[in-house]
Amino acid sequence: MKFREIFRFELAYQVRRAWAWLIFAALLVFAFLMTRDGTLAEALYDDFFLNSPFAIAKTTVTGSLIWLLVGAAVAGEAAARDVATGMHPLTYTAPVSRAAYLGGRFLAAFVLNALILLAVQAGILLAVYSPGVEAEIIGPFRPAAYLTAYGFLALPNALVATAIQFSLAARLGRPIASYLGSVLLFFMSHVVGLFLLFQGRQELANLLDPIGVHFILSDLSHLWTTVEKSWRLVELEGTVLTNRLLWLGIALGVLAVTYLRFCFAHRAESTGWRRGTRRQDARSPIPASLGVAASTPISVPQVPRTFGFALHARQTLAIAGDSFRTTATSWAGLALLAAIPLLTVLVVLDQMELNGVPLVPTTASVISELTAPLAAELSRWVIVPLLLVFFAGELVWREREAGLGEITDAMPGSEWAPFLGKLLGLGLVLVAFMALLTAAGMLAQAILGYRDFETGLYLKILFGLQLTEYLLFALLALVVHVLVDRKYIGHLVAIIAWVFIAMASLFGVEHNLLIYGAGPGWSYTEMSGFGPSLGPWLWFKLYWAAWALLLAVAARLLWVRGRESGFRVRLRWARRRFTPSTARAAAVAVGLILTLGGFIFYNTNVLNGYRTDSEIAKLHAEYEQRYKRYERIPQPRMTATRLHVEIHPERREARIRGSYTLLNGSAVAIDSIHVTTVPGAEPEALAFDRTAALVLSDEDRGYRIYDLERPLQPGGSLRLDFEVHIESRGFRESGADASVVANGTYFTNGNGFPAIGYQQSRELITPRERREHGLPERPVIPSLYDVGERMEWAERIAFDAVVGTDADQVAVAPGRLRRTWTEGGRRYFHYSTDGPTGTGLGYGFFSAKYAVREARWNDVAIQVFHDPRHTAHLDRMLRSIRASLDYYTEHFGPYPRGYLSVVERPGGGTGMHADAGMITHGEGFVFWSPKEDGRSLDLPFAVVAHEMAHQWTLPLAFVEGAPVMSESLAWYYAMQVVRESHGAPQLRRLLSFMRRPYPNPPIRRGEPLLRGLDPWMSYRKGPFALYALGEYMGEERVNTALRRLVEKHGSGAPPLATTLDLYRELQVVTPDSLRYLLHDLFEVNTFWELETERAAAEQTGAGTWRVTLDVRARKVVADSAGVETEAPMDEWVQIGVFGPGEAGDELGAPLHVQMHRIRSGEQTITVTVPRRPVLAGIDPYHLLDWEEREDDDNIERVTARE
Amino acid sequence: MHLSIRNISKTYPNGVRALDDVSLTIPAGMYGLLGPNGAGKSTLMRMIATLQEPDAGSIRLGELDVLRQKDEVRKTLGYLPQEFGVYPKVSAEELLGHFALLKGIATRRARREVVEALLRQVNLWEVRRQKLGGYSGGMKQRFGVAVALLGSPRLLIVDEPTAGLDPAERVRFLNLLSELGENSVVILSTHIVEDVSELCTRMAIIDRGEILLEAEPLGAIEEMRGRIWRSVIEKGALAELEREHAVISTKLLGGRTVVHVFSDTAPVPGFEPAEPDLEDVYFSTMAGHVGRRRAQPELQVAP
């Protein structure tokens, strides 16, 4: 009865509040935009209905996340309004039980939140069924899709979040504490989960995510097929069920604790942790006597007072100090200034290791862990803007919430003092935060034994760049709270502002001039320093600082002072407060906005063309629509390229004069040459060595057609001359062009070099984009069985380039360095290839103050171009290069060139890239520092071996399976080198690393390996399959097949190689008894599930041990839609028994490793071994069962009986 | 130096007419603003304290236009609102020092002197280091007085200051105020008649947004002489008495009812002339026997 009344009153009270409706409206708009825009549908294969259950679930989860941030007021009010308003003496003394009071309030909050979350479903419905959507992407209306998403995702989310928000607010007696609960949950689901995910702890990430970011957004996105995404409903099963149960349990636990600890008692002013100590009430002594005579005359000294600017300055500083103190000592402040820096030490320590291999914790790489753009919504630092919103609200409302509003408002001085004081206070908090982060970073470096702290770099980046970013947002948050003047709505608006900043493209805004605080990012690398990135960064930040000044003026004008806060009253004040000095500030701000904005606009949109993503997509679509008809017309093939490149690093300019030799390899005469150019980077002076008329020139889409006066006869050649000018004209919307920089120049022929014929690579790929632009569907890549694709010529060119650069730099281009000389104060380098080479048409140019390490292997000249400071990796790299050349030339054929260049370029990536005769890598690669103890994985060695293997990659047909042909084979090669030079245990460590579900576990669906495309297929499954084959039939047989493949298809003449050729060669070498395995690995998606249930051993009379293994085996075949069928199993599987081994070898010394015939189902296997066994199991090396979990179920510890 | 309020009106958005064409002239000294709860006292006080603006009318402090030159007024203003809070985790000394700075006392030494003097004045010196969160209601009130007295204000506005004070504190507080009133404009709003009668040289009675009487307390009491009659009656007889006489107040005294009646002449036997006090002035004014309400009694139908 009382419960019902409490519930009813609370619900009715809150339903009448504006915030409830605003939250509802915000969610509605968000769900609408997200459904319509669908920017989060990024996956390559995505093509599902707008209203598919998956899309609805996804939007529901994202909506929950937004609700979490904007909707905390509901639970907070319900829990703590009585205390906050001072009503609690009345309610607490009413004859109501705790259960009824808390229960009624909580239930009301939960019900209201549940109703508010319906806005997401409503928004989706509105987006799907209001006009403006093509009918073909709307699936049938399925109520179950909305209901399951709401019931299984939104509703439990609401319960969990409400419980935690409610409990925190009730505990602290402050409604706004609920917001901290939200930030906590947001952090849990968004950041902690992401962190775990990249640690490979997917399951834990799924479990600990309270909202569904992981188990819906990331998990299903990867695990569900397109068909499933369109049709399958989210069900309460598996991860979803465990997660929901776990969090419901946590919610109930939190509520139970709140119930038990809650009491109807006077609330002391002290916070919770002081509750134990007795509160001391102050008592002033009672005066000795009463009455008029007792009073001493007033003797307050007359002291001088100052007003004007000096007073303002002092007031500002005093308020700043107070703001800093109160923020820094609050719970959230302590979290920011104590907990986060401490956690940061751990995070940095953790991040300074990648894939189990330590990285050198250079200051630049540590700093990259400490910083993030404000708009990076996936970064762990999103917590900072969220806390800034909270702090800003607390500061703006500080006086009024303490009841001192009227007293402070009646103090002399303008409104600048409190506003600037609070801003400064918040700034001080951020400065302290940055200082602590610096300390955390240095501490982590010190712990890792790194001493080169580069304090100056910390100061520049954290206090110069990152602090600016945060300060701009802090000001925005303060201004929003001042202008809105309703605390909860202020939070809501500030959070929406942040969501807008972070997801502006979702709202159709892309240009950095239109997104508060946005701008191109800065970059820092050891090689290039900040390069040209600081200039544009600074211009944009200055522009936004001018806006910030204008916002500050607005806040000053509309600052609420006194009792009234009506809109009209505030406008009246604003008119009166618009004093000449304020007007000047506003004028300065507007002037700066216009001049800086104009200057930036001139740079981004006039000097450099600016196009939105959709405009670019439209041009690409038009390119396809207009010129695809020329795709198959005969065009000459490029056979030689001669270039003269002049790089001017300081001027950030490069001039390229080039000529292509084009050969008519077709059987017909060619009368027109088609040239694709890069819009906005048109080549200059395009000319042929025979008369040609430009009959079509489409600069926007980048297409030209030249009619030859005299057709090019079959077998005939012509020359195309062109000039390309790379220069930085001001800066672009995305920042400065960093291709030519003072140190660390790197650009490719993609920078405006003309290409011959229609370029398929320019076509839009995703079905969504293609549909939007009215293009017919196209497969991502042609079918494996498309014979036409195989009949192309491999692109092979004779390349010759003279590259000039500054005298103190070294320039690098593809080919062998023939000659270098100095002329006119510049250094020139002549590179050329040994005849036609290359498996692709991409090539790059480098120029930097390189040091060169020269080495030889037989007749191959090896040159390693590296930053003079980066030397630690050189010997390891050369060891791997030599070992690779040794093994590959012996087993797969000769190295096709007399040279090899390894080039470092600026940038943090840890990976490498291989081209013909050249391996390039970012600076990150040099920071791998594997432990040299022989027991740890030497991943960089394997990576180099992999890139070296690419030198043997065949000219491929551009069809399905091409990535398998390229990457899988290269990894198989690398595995052999690792085994050859480091031994089998190191190979097992490499395989174990590759089996880790990183970042996502294998997908049991899709195409078989022969048609494999995705990274898992090409980088994981392919190498595993080849390795397993090698183990089953001997690696010599596999190597033989691969060598034959190189011999037959190495020339580049059609037909080009496909996985079918690989398969054919493998079939030749595979004995009939293992044909089934080859089939299982390549033709279908087979999964072996092998498990050892029990391993027991008994000593026999002869001193040997008899080991009995209970094993279980199962084999399933998954089709492309993910439907699994069990296949009967009766085949060879390894059984292994291991004795105690040396340290570092996880399995131990093999006592018995042999193939046994294994059937489907349970069975017992008995083997006898000479010594006492420790571990035993089925498929111990994971040749078939690749899913390696933390507790490897293939292997069991042997229980021994003497 | 005096405060002149001219034709101030204020209607709240919900239709409540808080002030209706109020005009007052307030000289230096203690000025009492007396009226029942909800009479519009606080609204008027806030307007004088620059925190609220009238719909119409003007307020001038000497040469200053209070509504336009707010910052000038604030430099010389001390304001103790009816209700206020404190930062619980800050000590009295610290917070008073903070406000001293906000009021323009720039040097640290001057601030320390002023803070000490004021805290001694309001008898909080002994507890200056304690957190304000532990203060009793009366101590907070005295702290508020100290804040209001910062910077030797020439205009001091205290809104219902004695409401939360115990008798001893109240006496102390009123003493404090009376000394201030010697060279400043001190406006004291209260619904407690004794506050005014003990302190104020001038007063106004306000009800439902209207000034009913503006007078000197002693003069007003003198005017009542011979017009207030007192009788002790049984409770049951009250209703009949009210029908026939202008009863202005009733009180219980030892279980019997003491009735004050306003009459220019002796009413009936059983009544004796009473020595008038300010309470009689107040009730007579509220009842419309004296002051502005007398002229239009028929308009006083309750809204």
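A salt bridge here is a side-chain nitrogen of Lys or Arg within 4 Å of a carboxyl oxygen of Asp or Glu. The model is predicted: local features need pLDDT of at least 70, side-chain atom pairs count only at pLDDT 80 or more, and totals for chains, interfaces and linings use all residues. Residues are numbered from 1 along each chain as its sequence is written, chains are lettered from A and ligands numbered from 1 in the order in which they are written, and side-chain values use heavy atoms, with hydrogens and water left out.

**Exercise 1. Describe the interface between chain B and chain A by its contacts and buried area.**

Step 1. Count the residues in contact (heavy atoms within 4.5 Å). On chain B there are 59, and they touch 55 residues of chain A.

Step 2. Take the buried area, which is the accessible area (1.4 Å probe) that two parts lose on being put together, summed over both. Between chain B and chain A this is about 5100 Å², with 58% given by carbon and sulfur atoms. On the chain B side, the residues that lose the most area to chain A are Leu51(B), Tyr87(B) and Leu102(B), which together make up 13% of what that side buries.

**Exercise 2. Find the charged and polar pairs across the interface, and the elements of chain B that take part.**

Step 1. Side chains of opposite charge can pair when their charged atoms come close. Three salt bridges are counted between chain B and chain A. A salt bridge joins the side chains of Glu53(B) and Arg572(A), at 3.2 Å from N to O.

Step 2. Polar contacts are pairs of N or O atoms within 3.5 Å; within protein, one must be able to donate a hydrogen and the other to accept it, and residues adjacent in sequence count only if both atoms are side-chain atoms. Between chain B and chain A, 16 residue pairs are in polar contact, both residues at pLDDT 80 or more.

Step 3. Assign elements as DSSP runs numbered from the N terminus: helices (H or I, at least four residues) and strands (E, at least two). Elements that give two or more residues to the side of chain B that touches chain A include helix H2 (70-75), strand E6 (77-80) and helix H6 (167-180) of chain B. H6(B) gives the most, with seven residues.

**Exercise 3. Identify a salt bridge within chain A and state what it links.**

Step 1. Over all chains the structure holds 80 salt bridges. In one of them the side chains of Arg174(A) and Glu394(A) meet at 2.8 Å, N to O.

Step 2. Arg174(A) lies in the loop between helix H7 (143-172) and helix H8 (177-198) of chain A, and Glu394(A) in helix H16 (residues 383-396) of chain A, so the pair ties together parts that are 220 residues apart in sequence.

**Exercise 4. Decide where the model calls for caution.**

Step 1. Use pLDDT, the predictor's confidence in each residue, from 0 to 100. Chain A averages 88, with 93% of the residues at 70 or above. For chain B the mean is 85, and 97% of its residues reach 70 or more.

Step 2. Compare elements of chain B. Confidence is lowest in H6(B), at a mean of 78, and highest in strand E4 (residues 56-61) of chain B, at 93.

Step 3. Mark the weak stretches. pLDDT stays under 50 over residues 269-279 of chain A and over residues 297-303 of chain B. Where pLDDT is low, the predicted coordinates should not be read in detail.

Step 4. For the complex, the predictor gives an ipTM of 0.86 and a pTM of 0.88.
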